[in-house]
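Hello,

Here is the structure I promised to pass on to you. Have a look at it first, and then read on for what turned up.

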Amino acid sequence: MKLHSKRLLKICEMITQYKTGNTLADIGTDHAYLPCFLYKNHVIEKAYACDVAEGPLASSQATIAHEGVTGHVIPLLGDGLDPVASLPTDMIAICGMGGLLMSQILEAHVEKMDDNLFFLQANTAIDLLRACLEKHQLAIIDEAMVKDGHHIYEIIVAKKGQDVSYSEEDLMFGPVLRQKQGPLFEEKWMHALEVQRRILKSLDPQHEKYAKVLKEKEMIEKVLDHAG
């Protein structure tokens, strides 16, 4: 089985690197490519491919049958973590959603936070997701970036920790990513900086959003060492 998505391949790489236990729940699984690939490459022994909609779940069932992994990758219909709430899992992947929705999914089943390793990839509002992790004392142990098409994605690996506390910069840029930096980090935030500069030029200084945009611009400049 081949994965043609660089995003999914990077997530698989992170799961392989940090694997804990042998059972994965993939939330919002869509076509179940992620759990099928991991099982067929002997990274996991069992997976639950969960989705809230019947259409994606039918796609998952088709992939599972096609790849010959029936009984090892199990499709489940339900909202968020509901389908695996009472099932033993070691790792949970929640990828390809907005950060707010992902936070809501996590907070609906806080009991899963104590003994699972999380692999999280938010398309939007990543700062809100990191704030949720901090609130529930889930420590970010690693982060990675990958470019797929025209989009740059961030992947978070998190597990239960102690005294988890993040600065404003950590929430915005990622506590690990802002230390690593690298070409994709620079590409993403240089683009964001250009956007913020354009917005500032179009806003009256008295506008309610001006101060917020200015602060974000200055934070980006600082992290990129372009302040002033």
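To start with a small one: in which helix does Ser60 lie? Ser60 belongs to helix α3, residues 54-66; helices here are DSSP runs of H or I with at least four residues, strands are runs of E with at least two, and both are numbered from the N terminus.

A word on the ground rules. This is a predicted model, in which local features need pLDDT of at least 70 and side-chain atom pairs count only at pLDDT 80 or more, while totals for chains, interfaces and linings use all residues. Residues are numbered from 1 along each chain as its sequence is written, and side-chain values use heavy atoms, with hydrogens and water left out.

Back to Ser60, which is buried at 0% relative accessibility (buried means under 20% relative accessible area, exposed over 50%, partly exposed in between, with a 1.4 Å probe and protein chains only). Apart from neighbours within four places in sequence, Ser60 is in contact with Thr29, Asp30, His31 and Ala32, where contact means heavy atoms within 4.5 Å.

**The cores**

The largest nonpolar core holds 30 residues (such a core is a set of buried Ala, Val, Leu, Ile, Met, Phe, Trp, Tyr and Cys residues joined through side-chain atoms within 4.5 Å). Ile27, Val84, Ile94, Leu106, Leu120, Leu133 and Ile156 have the most contacts inside it. At least two residues apiece come from β1 (23-27), β2 (46-51), β4 (91-98), α4 (99-107), β5 (117-124), α5 (126-135), β6 (138-148) and β7 (151-160). The largest share, 4 residues, is from α5. Leu120 is a good place to look around: setting aside neighbours within four places in sequence, its contacts are Ile94, Met102, Leu106, Leu129, Leu133, Glu154, Ile155 and Ile156. There is also a second, separate core of 29 residues, with Met14, Phe37, Cys95 and Val157 among them.

**Cysteines**

How many disulfides are there? The count is 0, a disulfide being a pair of cysteine sulfur atoms within 2.5 Å. For Cys50, the closest cysteine sulfur is that of Cys36, 13 Å away and too far for a bond. Cys132 is likewise without a partner, because its closest cysteine sulfur, in Cys95, is 15 Å away. Both side chains are out of the way of the probe's reach by the rule above: Cys50 counts as buried at 1% relative accessibility, and Cys132 counts as buried at 6%.

**Salt bridges**

The count here is 14 (a salt bridge is a side-chain nitrogen of Lys or Arg within 4 Å of a carboxyl oxygen of Asp or Glu). Three pairs to look up:

- Glu107 and Lys135, with the closest N and O atoms 3.1 Å apart. This pair links distant parts of the chain, helix α4 and helix α5, 28 residues apart. Glu107 is partly exposed at 33%, and Lys135 is exposed at 60%.
- Glu168 and Lys215, with the closest N and O atoms 2.9 Å apart. Glu168 is in helix α6 (168-173) and Lys215 in helix α9 (210-223), so the pair ties together parts that are 47 residues apart in sequence.
- Arg178 and Asp170, with the closest N and O atoms 2.7 Å apart. Arg178 is partly exposed at 25%, whereas Asp170 is buried at 11%.

In addition, Arg130, Glu143, Glu154 and Lys188 are linked in a network of salt bridges.

**The largest pocket**

Lys188 turns up again here: it is one of the residues that lie nearest the centre of the largest pocket, together with Asp127, Met172, Trp189 and Ala192. The lining has 31 residues in total. Two or more of them come from each of β5, α5, β7, α6, α8 (183-202) and α9, and α8 gives the most, with 7. (On a 1 Å grid over the protein atoms alone, a pocket is an open set of points where a 1.4 Å probe fits, with protein on both sides within 12 Å along at least five of seven lines; lining residues have an atom within 4 Å of a point.)

**Two backbone details**

His42 is not a glycine, yet has a positive phi of about 60 degrees. His42 sits in the loop between α2 (33-40) and β2 and is exposed at 71%. Asp163 also has a positive phi, near 50 degrees; Asp163 is in the loop between β7 and α6 and is exposed at 74%.

Enjoy looking through it!
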